[in-house]
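Please read the following points alongside the sequence and the 3D view. They are meant for someone meeting this structure for the first time.

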Amino acid sequence: MHGVLPEIETFCSMLVQKKLIYSKTDEVGIVFFGTEDTNNELEVEVGGYEHVFVQRKIEVVNGHMVEDLQNLPRGTTFGDFMDAIVVGMDMLIKKYGPTNKGKQRLCLITDARHPIKDPDEGTKEDQVDTISSMMKARGVRMDCLIVREKLDGNANKSIVDENDRLLNHFSSRTFAKTIYVGRSTSLLGAVRTRNISPVTIYRGDLELSPAMKIKVWVYKKTSQERLPTLKKYSDKAPPTDKFATHEVKVDFEYKSIEDPNKVVPPEQRIKGYRYGPQVVPISLNEWEAVRFKPDKSVKLLGFTDASNIMRHYYMKEVNVFIPEPGNSKAILAVSALARAMKEMNKVAILRCVWRNGQGSVVVGVLSPNISSQENIPDSFYFNVLPFAEDIREFQFPSFSSFPSSQQPTVEQQEAADNLVKMLDLKPSGGEEALLPDFTPNPILMRFYHVLELKSRNPDADVPPVDRCLKRILEPDSEFLSQNKPTIDRFGSQFELKENPKKKKSSKRHWRDRQLTSNEDGETAKDDRSEIRNSNVTNDSSAVKVDKIGNSTPVQDFNAMMARRDSPEWVSRALREMKNYINDILENSYEGDTFLKAVDCLEALRRGCILEQEPKEFNQFLFDLYEKWKNTDLVSFFELVSSKNITLISKTEAEDSDIMDDKAKIFLPKSKPSSQ
Amino acid sequence: MGPAQSVLNLHLPSLLIYSFTPPFFNPDFHKLLSHSSPLFSSPNFPSKPSPSLSLSLSLSTAMDIDPEDLFRDSDNSDDEFLQEREPSKEFVVYLVDASPKMFLPASKDVGKGKTHFHVAISCISQSLKTQIINRSYDEVSICFFNTREKKNLQDLSGVYVFDVMDREFLDRPTARLIKEFDNVEETLMKEIGSQYGINADARENSLYNALWVAQALLRKGSIKTSAKRMLMITNEDDPFGKIVGAAKSDMIRTTLQRAKDAQDLGISFELLPLSMPDDEFNVSIFYADMIGLEGNEVTQFLPSAGEKLQSERSFICADTGALLQEPAKLVFPYKSKDIKFSTKELSELKRVSSGHLRLLGFKPLSCLKDYHNLRPSTFIFPSDEELIGSTRIFIALHRSMLRLGRFALAFYGSSSHPQMVALVAQEEITSSSGQVEPPGMHMIYLPYSDDIRHVEEARVDNDAALWATEDQIKKASVLLKRINLKEFSVCQFANPALQRHYGILQALALDEDEMPEIKDETLPDEEALSRPGIANAIEEFKVAVYGENYEEESKAAATKTSGPAAKKRKVMAETAVKECANYDWPDLAENGKLKERTVVELKFYLTAHSLPVSGKKEDLISRILTHMGK
């Protein structure tokens, strides 16, 4: 068990952290078992229950718990999970008595590899029964997380089997869920750490025909969890102001396009819809009178073969239809349909209007979800399908139409077959790796982690990506090395080389688009290229450049810097140039944009010296380096060094705090290529 | 035979199959004084080789990307998905044959006097209506050939360019164009006239002229920023059939040359042949050569996007009132502290991967569950443009995955939506009307454990059976067989909300008085459901799962106040009545002593008289007073 404790520390502290974020009033207690010491009330009161240590009594979640859980004790004895469950139940009963029914939960984390003590009387099964009925009566749910990386030789199979049987016995008796995890990454996602009380999006009839209806409740099955919203912070208030709210108000103004100084007040605005070149204005009331208003209902259109619905037509987050709880007839009706659909490999097509006043209908596919546990009813999953308008019919050439130079040979095909076979994330009999249900969102994980770090030290840096999370982002190195021969063979079978004739590929095209679109207030590209053309023919001063484009970034930048009609231009030029450099570096492919970026950087540096804004440049270069130094883009900085682009020193610009001698040594790694 | 895309099935009501329509979930509101935010843009897709495997792929989004961003908190840094793309235009010239042959009935049913010309016109009209919604920046021109009158810049005979006021020949569609085009048949009869273009003794070649006019029209705009197409609709498979000898071969040669010239200018030529009732349109007689010129090059159109938003946002410091630049710091409350993040830190936090598609391994298709879905999928197609050899690897893997029934698991590290994805190989599917599914892979965005909920796993705590019996399942199977949609295809329904939306807009734009009736195709066919066979199957299933007397039982259940909540309410009402009797309410009210009573006591009165019990104490008192008539 000690081997996985670091991951369990992460997991448990994450559990408490999420409570600190999402449900601050939840109460949590912490019990360790298998510890050397003993500390629990039952031991005092009735004896027994050794090596169960109540670290924290049940109390409102707080930061100390996070720290406790990040430093789990390494125990010395075998953990007896049954004792731990009893102690946990005892704590819950003592704390809440008959109150808070249905809101209590035990979360057991164990490897369940060691024998548990025989009870004083009866069998272990009897003991489970007794505890189960107690849990049931009080509405206590239990999540058992059984962590087993691999069963090594030390584990006694019969003990493991017995423990598994006992724990499963819990699941069949109570509201308990048992999950087995092997890999540490799945551990992080295995138990829902944030409790969202499910809200139905529809309660009512699933109408097979006007004569036959089934009562169902519809919930969301998947719903993308986003990074929590952060508030904007203003540091304008003087530090002495104790009552400063530091809040930022956001103001929206609508301005007319012809006269950007004219603000249009709300009463002068009306909504309009575009119809071709025209915009058709229509008031809300008018619209309300004529718009599409279907009635709330869920109706069956018919059944069809599952193969008629391609998987990639699923459009949105998924819903789940469950029979109305407690309605045994609805449960049976859903079950009968679901099982018949499963048997015949059919799906149902539904038309849904979830609530009255909803302005649209949804057509989707209902697929059966057969329950594998006797006390869980069958249900359906529902996926939204596209309407005719939603479909893009792209035509692509057949693979068979490609020349033979682009077709794989027999050997190549074999190598590919082997690769697909060998890089198997679901080996037969083994655990499925990276199961979505057990894979945590790495970004959220990182956010919680950084939040905790910063709560201890406000200046804490964002740490590199955790080892555990790397396995979601990159192929597992162990996995790759196991299959090295297959991969090598695959690699040697195929040849990849850069296209030397590549002039301006469509991808580059895309990138250009992306870049131009990153600028705010852009005009259509046509216009811009026209401007630029006239730029060339006339004189750069004739046309006012107002943004940095992709074709002549340096000239654009210089032109903007030279504009004197508003003091804003300089800062805007600097800002845009920085963004531009950032973008082309980010999008570089084997350094193809490096030369351009160096030119831009040089221009930026010159501009900053001219405008005596050394810090702008120095900070930017510094940040850039910090950002990329650990990536393959680091070679860019070698190029920068070799071009003698340094930080702006004090002699070049008074405001700089970089001494002459320091300016050069900043970007060091101009080391000769190590190979 | 040319590419599959140039075959039009007569039964199709519109030309939709040819248009690349951006999707609409909800019609986007536009401020009259501003413009829309873009509906769609494609993700940037740099392809840097990962250490073990590297491919270069070209990627296009098959369907919409939900503009809701995973990270909406930082609105500027990562909104790659919301960023606008430069619209790429499409220029289309419809060349409609207006020869008398087009006015023959299209089907043998004499009663239904629909002519080919009518079919062509309504197709174009439909297509225009779709286009004005979806791709209103595209420009169209409608050109009739084999006409008596002529109207074109080149003053060539037999070619008539249809147009309305305030519009150039090749221009964006307007409401007026659509409206007048709906009456074009009449106009054509009266004013334009129809005639056989190429007669035995003809010196003029109207087909040639039509191509020339179309090509001249399409001179507009750069080929780099726009796609140019000619779409010919005709039912004459042998335009030069009446001519013989050298004149014929000469005409054919010049016409083909003309078409080839257009082709060389980057204009694609498509044919929509219409078959006569007893005479299949034979493409090979003449048109195959013309279409053949197009080769196998398939133009890949880029979807268009919206335009810029003219709303301005300003940030104001609540403490000092100072106008702020984009605030550099964001805070999040945690452990009763405000934890500060700089935008830089946030983006660093989100940068977990370098923006590539990284293969993690393969899994059997059965591992991809029905609930593993979040957003519309993205389509992936190989390209050798950057890395030669990519296509070959892609095809090999594609084939292996299909053969072994596996999908690839990968991590797609875009900066705004880093996500695990499933790459599902898609075999090419073609039907007589063309390509149904292009070959490639579909990228399906997988949820994380944080995104998955387990509502269906709520245990039921009763002894009643939860699973259906064999007999019940059998009855359900019968029902399934009865209500079978054999030919169901996902895109068979038009979105009724959208149809209505644009129907209304069209009516308003054209100043029509009547609001259009839009048929809601998504409603179930109740007539079919009430047919005896189906009705019986339903009834039997119902009896099997619900029992004989379901209706009565459910009615009884409905009248009986059931459920613990209802019971509780009832008990509360009873106590309230009891308690309420203990007070002399009129006296309390009279002497203004109501406010001395507690809210609980006041609620006794309200509950006993079935009045609402919500609101502040003052509200309760005033409600009591109102009820007592004071």
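1. Two residues are in contact here if their C-beta atoms, placed from the backbone, lie within 7 Å. The structure is a predicted model, in which local features need pLDDT of at least 70 and side-chain atom pairs count only at pLDDT 80 or more, while totals for chains, interfaces and linings use all residues. Residues are numbered from 1 along each chain as its sequence is written, and chains are lettered from A and ligands numbered from 1 in the order in which they are written.

2. On the chain A side, A:Q412, A:Q413, A:A416, A:D417, A:V420 and A:K421 of α10(A) are in contact with residues of α8(B), among them B:R392, B:A396, B:L397 and B:R399. The residues of this contact comprise six nonpolar, three polar and five charged (Ala, Val, Leu, Ile, Met, Phe, Trp, Tyr, Cys and Pro count as nonpolar, Asp, Glu, Lys and Arg as charged, and the others, Gly among them, as polar).

3. Helix α10 of chain A covers residues 410–422 and helix α8 of chain B covers residues 390–404, and their axes come within 8 Å and cross at roughly 55°. That angle makes α10(A) oblique to α8(B), since angles under 35 degrees count as roughly parallel, over 145 as roughly antiparallel, 65 to 115 as roughly perpendicular and the rest as oblique. Helices (H or I, at least four residues) and strands (E, at least two) are DSSP runs, numbered from the N terminus.

4. A second place to look is A:A340, which lies in helix α9 of chain A, residues 328–344. A:A340 is buried because 24 other C-beta atoms lie within 10 Å, the cut-offs being 20 or more for buried, 12 or fewer for exposed, and partly exposed in between. Leaving aside neighbours within four places in sequence, A:A340 is in contact with B:I473, B:A476, B:S477 and B:L480. A:P368 is 28 residues from A:A340 in sequence, and their C-alpha atoms are 8.9 Å apart.

5. For the chains as a whole, chain A has 22 helices and 17 strands, and buried residues make up 39% of its 675 residues. Chain B has 17 helices and 19 strands, with 44% of its 630 residues buried.

6. In chain B, the UniProt record, an unreviewed entry, lists residues 594–628 as "domain: SAP"; such annotations may be inferred rather than shown by experiment. In the model this span is 63% helix and 0% strand, and its end C-alpha atoms lie 12 Å apart.

Definitions and conventions. Axes fitted to C-alpha atoms, helices over the stretch in contact; angles between N-to-C directions.
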